[in-house]
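Please open the model in your viewer and keep the sequence beside it, with side chains ready to be shown. The stops below say what to select next and what is to be found there.

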Amino acid sequence: MKSILNPYINFKDTTRQAMEFYHSVFGGKLNLSTFKEFHASQDPSEDDKIMHAMLEAENGIVLMAADTPDRMEFQPGTNFSISLSGDNEAELTGYFQKLSAGGTIVEPLTKAPWGDTFGVFKDKFGIDWMVNIAPSKQ
């Protein structure tokens, strides 16, 4: 699988509605997963919030989103990240290392609850990045 770069938007409790709206505009396949499904709720009030949403339109448009947990700051205008994902571990690890140089690693590349390797950082220009490496299908 080729590495993919796409926007990742954070919402405050409206991810489901926003992604259903974007789905009505772009069509394609929409997957919604809750914090409860990933066993990631730190408070029962978070159970039904969306931990990860992914819209894949037939024309190649990919949009991802999540609800911001109550314990995390939410500020409109700064509620997005750039996501790099794929299964090329060497390539994506290299991007993580190079892009995070001089920045701040928020979460190092580690095994995530969904089985992939995942990391988060803010680059030296203040841009938030997420890298998700799926197991190779080879």
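Select Lys12 and Asp70 and show their side chains, which in this predicted model meet in a salt bridge with N and O 3.2 Å apart. Lys12 lies in the loop between strand 1 and helix 1, and Asp70 in the loop between strand 4 and strand 5 (80-86), so the pair ties together parts that are 58 residues apart in sequence. Lys12 counts as partly exposed, at 30% relative accessibility, and Asp70, at 47%, is also partly exposed.

Keep Asp70 selected and add Lys49, since these two residues form a salt bridge as well, with their closest N and O atoms 2.8 Å apart. This pair too links distant parts of the chain, for Lys49 sits in the loop between strand 2 and strand 3, 21 residues from Asp70. Lys49 counts as buried, because its relative accessibility is 10%, and the cut-off for that word is under 20%. If you now add Asp13, you have a network of salt bridges that links Lys12, Asp13, Lys49 and Asp70. The model has five salt bridges by the rule used here, and another of them comes at a later stop.

Next, select helix 1, residues 15-26. Its 12 residues should span 16 Å at 1.5 Å a residue, and the C-alpha atoms at its ends are indeed 16 Å apart, which agrees. Which residues of helix 1 are buried? Thr15, Ala18 and Met19 are, and when you look down the axis of the helix, its buried residues fall within an arc of 90 degrees, so they line one face. On the other side of helix 1, Gln17 and Ser24 are exposed. The elements that cover the buried residues of this helix include strand 1, strand 2 (29-34), strand 3 and strand 4. Just after the helix, look at Gly27, which takes a positive phi of about 70 degrees.

From the helix, move to strand 4, residues 62-67, where six of the six residues are buried. In a regular strand the side chains alternate between the two faces of the sheet. Here both faces are covered, with Val62, Met64 and Ala66 buried on one side and Leu63, Ala65 and Asp67 buried on the other. Strand 4 runs parallel to strand 1 (residues 4-11), to which four bridges join it, and Asn10 has Ala66 as its bridge partner there. With strand 3 (residues 50-56), strand 4 pairs in the antiparallel sense over four bridges, among whose residues Met54 has Met64 as its bridge partner. Five residues lie between strand 3 and strand 4 in their hairpin, where Gly60 takes a positive phi near 100 degrees.

Now select Ile9, Phe11, Ala18, Met19, Ile50, Ala53, Leu55, Leu63 and Ala65, the nine residues that make up the largest nonpolar core. Strand 1, helix 1, strand 3 and strand 4 each give two or more residues to this core, and strand 3 gives the most, with three. To see one member among its surroundings, centre on Ala65, whose contacts beyond its neighbours within four places in sequence include Ile9, Phe11, Thr15, Met19 and Ala53.

For a pair of single residues outside that selection, start with Asn6 in strand 1, which counts as buried at 4% relative accessibility. Beyond its neighbours within four places in sequence, Asn6 is in contact with Val62, Met64, Ser81, Ile82, Ser83 and Ser85. Then go to Leu92 in helix 2 (residues 89-100), which is buried, with a relative accessible area of 0%. Its contacts, again leaving aside neighbours within four places in sequence, include Ser3, Leu84, Val131 and Ile133.

The last stop is a run of strands. Strand 6 (residues 104-111) and strand 7 (residues 117-122) run antiparallel and are joined by five bridges, with Glu107 standing opposite Val120. In their hairpin, which has five residues between the strands, Gly115 takes a positive phi near 100 degrees. Strand 7 is also joined by six bridges to strand 8 (residues 128-133), again antiparallel, and here Gly119 stands opposite Val131. In the turn of this second hairpin, Gly126 has a positive phi of about 90 degrees. Finish with the side chains of Asp128 and Lys122, which meet in a salt bridge at 2.9 Å, N to O; Asp128 is partly exposed at 23%, and Lys122 is partly exposed at 34%.

Technical notes:
Residues numbered from 1 in each chain as written. Predicted model: local features only at pLDDT ≥ 70, side-chain atom pairs only at ≥ 80, totals over all residues. Heavy atoms only, no water. Pairing = 2+ DSSP bridges. Buried < 20%, exposed > 50% of the residue type's maximum accessible area, 1.4 Å probe, protein only. Expected span 1.5 Å × (residues − 1). Arc of directions from axis to C-beta. Contact = heavy atoms within 4.5 Å. Core = buried A, V, L, I, M, F, W, Y, C linked by side-chain atoms within 4.5 Å. Salt bridge = Lys/Arg side-chain N within 4 Å of Asp/Glu carboxyl O.
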